[in-house]
Amino acid sequence: MSHLTEEQQVLAHYGEPLDDALVAHLESCEQCRRDRDTLVASLAAIEDPGPELPHDYEQQVWHRLHWQLRRDARPNRHWWLASAAASALLLVAVGFLAGRGSRPNDPVPTVRHAQPAAERPPDATLDAVMTSAVTEQVGRSERLLTSLSNLSPDESDLEAERLTAERLLVSNRIHRAVAREQGAPEVAALLDEIEPILLEIAHSGSGLDDSELDALQERIESRGLIFKLRVISSTLESKSSKRRPSSPPATRL
Amino acid sequence: MDDDAVTIDRVLGGDSDAFRFLVERHGRAVFRLAYRLTRSQQDADDVVQETFLRAYRHLPSFDARSSFSTWLFRIATNSACDLMRRSMRHRTEELDEMSEPVVSDGDPAMRIGFRAALERGMERLTGSERTAFVLRHFEGMSIDEISAVLGTETSATKQAVFRAVRKLRQVLDPLVRAT
């Protein structure tokens with residue numbers, strides 16, 4: 001009988017079953033046993049415990065993660081609907097206030113829509129709601145673009161990203177309009193800039209081929225979209241937290 | 001229902017803070033895997049973060065009939081492979097930060113030799129070979145489990161493990177024979 005191949009030796013070492021005849025041969029063949037012993041010695045030399053981690057490593061991971069997850073809604077399929085509905089209501093409210101402000105006979109005409117952003121009351125309810133909704137939009141967009149940037153060509157299943165883009169696209173238009181209305185042109189401009197990306201992903205159908213994915217990743221990177229989203233997100237987050245000094249910390253992710 | 005399944009039900013039911021238990025239960029193992037794949041502590045930290053973020057976002061799509069840790073390892077492996085593909089920086093300057101592969105011989109020169117040889121060997125492996133080898137050799141996963149993580153056929157996984165071992169032996173065997 002011929003000797004065991006190197007592949008058979010390796011797989012047997014890692015617990016893959018051998019034919020009875022091969023097992024019998026291995027026991028009786030000195031050369032095969034010698035080959036096995038050499039293989040075992042080589043593999044036994046490879047031990048890599050990795051760096052020593054602090055005892056509270058898991059807590060540190062959670063601490064970093066929690067901050068990011070707080071900006072994320074519950075992992076369900078309906079967050080986008082709630083977000084879009086809230087934004088639509090918000091847009092109606094903005095339109096209503098703007099309409100009131102422009103009525104000639106209004107006894108207390110509001111000029112809110114005409115005020116520069118810097119002159120507005122910092123704790124205005126509408127601003128706070130807008131900030132919260134847009135922060136969420138920006139955060140989700142950032143995560144989607146990060147995920148797209150990290151995709152490798154062999155990851156052909158873009159269904160999750162496509163659905164997310166589709167939903168973000170609906171709310172993106174509303175949030176952009178709200179941002180413009182609320183005097184946040186830099187936010188509106190950024191949402192405007194990412195819209196073609198969302199559109200492309202949302203309409204990607206069965207996925208993107210390698211060159212399309214490369215081109216998309218290049219666009220995201222060359223325009224620094226993830227960085228811009230992070231900056232805006234951080235600014236909005238900071239603005240939002242300054243507004244609620246006495247409110248309890250958010251516990252929802 | 002195991003602990004993971006109970007926790008996942010809680011998270012999907014609205015108790016999002018329960019996700020913490022999944023992080024605490026699997027964080028260290030995910031780091032270990034990420035480190036062995038990327039050979040960099042900083043990259044491994046990034047992979048851990050990315051893995052749990054992706055897992056959280058895609059938790060509704062997790063099929064509870066399979067093992068959560070296998071699913072998580074698959075995400076971690078994909079994240080690490082993405083990162084490795086994009087990371088073109090040279091690793092030699094990180095050699096000093098690496099933990100040393102432990103060999104029975106206590107000779108420091110020999111240990112340094114093994115360390116460098118292992119690093120050279122790992123650099124020769126393709127992404128799937130390195131992943132398959134790490135999961136089999138270090139993590140003790142079965143060929144079937146590795147196939148599930150890689151999304152490959154069993155025969156392809158066996159081939160990947162074998163090719164990885166063959167390449168590693170080309171650099172390690174001379175040192176083993178010298179000890």
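**Questions on a two-chain model**

Student: What is the relative accessible area of B:Lys167?

Tutor: Buried means under 20% relative accessible area and exposed over 50%, with partly exposed in between (1.4 Å probe, protein chains only). B:Lys167 falls in the middle class and is partly exposed, because its relative accessible area is 23%.

Student: What pLDDT do local features need?

Tutor: Residues are numbered from 1 along each chain as its sequence is written, chains are lettered from A and ligands numbered from 1 in the order in which they are written, and side-chain values use heavy atoms, with hydrogens and water left out. This is a predicted model: totals for chains, interfaces and linings use all residues, side-chain atom pairs count only at pLDDT 80 or more, and local features need a pLDDT of at least 70.

Student: Which residue of helix H6 meets B:Lys167 in a salt bridge?

Tutor: A salt bridge is a side-chain nitrogen of Lys or Arg within 4 Å of a carboxyl oxygen of Asp or Glu. Helices (H or I, at least four residues) and strands (E, at least two) are DSSP runs, numbered from the N terminus, and B:Lys167 belongs to helix H8 (residues 154-178) of chain B. The side chain of B:Lys167 comes to 2.7 Å, N to O, from its partner B:Glu129. Parts of chain B that are 38 residues apart in sequence are thus tied together, because B:Lys167 lies in helix H8 and the residue in helix H6 is B:Glu129.

Student: Is B:Glu129 buried or exposed?

Tutor: The relative accessible area of B:Glu129 is 3%. Buried is the class for values under 20%, so B:Glu129 counts as buried.

Student: How far apart in space are B:Lys167 and B:Arg120?

Tutor: B:Lys167 and B:Arg120 are separated by 47 residues in sequence. Taken from C-alpha to C-alpha, their separation in space is 9.8 Å.

Student: Which residue forms salt bridges with both B:Arg32 and B:Arg36?

Tutor: B:Arg32 has its closest N and O atoms 3.4 Å from those of B:Glu139, and this pair links helix H2 to the loop between helix H6 (127-138) and helix H7 (143-150) of chain B, 107 residues apart. The salt bridge of B:Arg36 has an N to O distance of 3.3 Å to B:Glu139, and B:Arg36 is likewise in helix H2, 103 residues from its partner. The partner in each case is B:Glu139.

Student: What relative accessible area does B:Glu139 have?

Tutor: Of its two partners, B:Arg32 is partly exposed at 34%, whereas B:Arg36 is buried at 7%. B:Glu139 is buried as well, because its relative accessible area is 18%.

Student: How many salt bridges are found over all chains?

Tutor: Side chains of opposite charge can pair when their charged atoms come close. A search of the whole structure gives a total of 22.

Student: How many aromatic pairs are there over all chains?

Tutor: Rings of Phe, Tyr and Trp (its six-membered ring) pair if their centres lie within 6.5 Å; planes under 30 degrees apart count as stacked, over 60 as edge-to-face and the rest as tilted. By this rule the number of aromatic pairs is eight.

Student: Which class of pair do A:Tyr57 and B:Phe31 form?

Tutor: A:Tyr57 and B:Phe31 have ring centres 5.4 Å apart and planes at 65°, so the pair is edge-to-face. A:Tyr57 lies in helix H4 (residues 57-70) of chain A and B:Phe31 in helix H2 (residues 19-38) of chain B, so two chains are joined. Both residues are buried, and their class is edge-to-face.

Student: How many residues apart are B:Phe19 and B:Tyr56?

Tutor: The rings of B:Phe19 and B:Tyr56 are edge-to-face, because their centres are 5.1 Å apart and their planes stand at 80°. B:Phe19 is in helix H2 and B:Tyr56 in helix H3 (residues 41-57) of chain B, so the pair links distant parts of the chain, at a separation of 37 residues.

Student: Which residue joins A:Tyr57 and B:Phe31 in one aromatic cluster?

Tutor: The cluster has three members, two of which are A:Tyr57 and B:Phe31. The remaining member is B:Tyr35.

Student: How many helices does chain A have?

Tutor: Chain B has eight helices and zero strands, and 52% of its 179 residues count as buried. In chain A, 43% of the 253 residues are buried. Chain A also has zero strands, and its helices number 10.
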